[in-house]
Amino acid sequence: MNRPWVGVQYWEHPIFIHWPVPYDGLRPLVPGPFQLDTFHGQAWISVVLFRSPRSRLRWGSSLFSLGPFWQVNVRTYIRFYEEPAVYFLNVYTNSRLSVLGARCLLSLPYQQASFDTSTSGRRTSFRMESTVGEPSRRFSADVYPLSGWFSPENHSLENWLTERYHVYMVKGTYIVKATISHMPWRLSEARYNIKQNNVLEVTPEISDPLAHVASPQTTYVYPPSIRGRYV
């Protein structure tokens, strides 16, 4: 990046769960300026879970760190002028400050949610519920890593799904891009038991998703930039 980062966020227990979904069902959920990105013609939706023990501004004291919180991102994959990125369909977190900041500053679809989580050995169990709007949104699962860490190969589906560093959104009449940076993901294949799930917005093409557990990350946040007009 040619600009300095402005914030840092630490991610623990990252989990990726991915479903192939019908292109025609997903297209109406994404604003027109953005092209749906596909892998060999297939569209995807992902649920990404992580815990952030602390987040802070670059120039701020660690005493003013945003406290620990959990977050679930429901995202899909887009391109804008051929730049690969993600588009958030919904974001659920138990951080009220994150909800306020994301909605006011960037018009991101953050919603307040409650989380019940635990870790035992290599297993992560979590339950998320958001009662904002109707119906209530719930996602709960147990996830277990199955393998040692590996780095996805270039041009693989795992690389395509995880190595995304830009988020696009619409704020008023503007198209806005936000960027993060971190080291490449190290993944482990995962076994899962999904108990509740009504957060996807579109029915998947299969019931068995692709799941990975990821190693912890230190993520750097860059200032958003206006990339065009939305009319």
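Is Ser-107 buried, partly exposed or exposed? We will come back to that residue after a walk through the whole fold; please keep in mind that the model is predicted.

Let's start with the overall picture. The protein contains 3 helices and 15 strands. Its radius of gyration is 17 Å, close to the 17 Å that the globule rule gives for 231 residues, so the protein is as compact as a globular protein of that length. If you line the model up with its principal axes, the C-alpha atoms fill a box of roughly 45 × 45 × 40 Å.

Now look at how the chain packs and what it shows to the outside. Of the 231 residues, 49% count as buried. Among contacts with a separation of 6 or more, 67% come from residues 24 or more positions apart. The protein exposes about 11600 Å², and carbon and sulfur atoms supply 52% of that area. As for charge, there are 23 positive and 16 negative charges, and the mean positions of the two groups are 10 Å apart.

With that in mind, we can visit some individual residues, beginning with two prolines. Pro-33 sits in the loop between helix H1 (23-26) and strand S2 (35-36). Leaving aside residues up to four places away in sequence, Pro-33 touches Phe-80, Ile-175 and Tyr-230. Ile-78 is 45 residues from Pro-33 in sequence, yet their C-alpha atoms are 10.0 Å apart in space. Pro-33 has a relative accessibility of 31%, and because partly exposed covers the range between 20% and 50%, Pro-33 counts as partly exposed.

The second proline, Pro-135, is found in the loop between strand S9 (123-130) and strand S10 (137-145). Here it is worth checking the backbone: the peptide bond from Glu-134 to Pro-135 is cis, with omega near -5 degrees.

Two further stops concern phi. His-13 lies in strand S1 (residues 7-21), and its phi is near 50 degrees, a positive value in a residue other than glycine. The relative accessible area of His-13 is 32%, so this residue is partly exposed.

That brings us back to Ser-107. You will find it in the loop between helix H2 (96-106) and strand S7 (110-112). The phi of Ser-107 is near 60 degrees, again a positive value in a residue other than glycine. And the opening question has its answer: Ser-107 is partly exposed, because its relative accessible area is 33%.

Notes: Residues are numbered from 1 along each chain as its sequence is written. This is a predicted model: local features need pLDDT of at least 70, side-chain atom pairs count only at pLDDT 80 or more; totals for chains, interfaces and linings use all residues. Side-chain values use heavy atoms; hydrogens and water are left out. Helices (H or I, at least four residues) and strands (E, at least two) are DSSP runs, numbered from the N terminus. The radius of gyration is taken over C-alpha atoms; the globule rule is 2.2 Å times the number of residues to the power 0.38. Buried means under 20% relative accessible area, exposed over 50%, partly exposed in between (1.4 Å probe, protein chains only). Contact means heavy atoms within 4.5 Å. Accessible areas come from the Shrake-Rupley method with a 1.4 Å probe; for residues, only the protein chains shown count as cover. Lys and Arg count as positive and Asp and Glu as negative; His and the chain ends are not counted. The place of a charge is taken as NZ of Lys, CZ of Arg, CG of Asp or CD of Glu.
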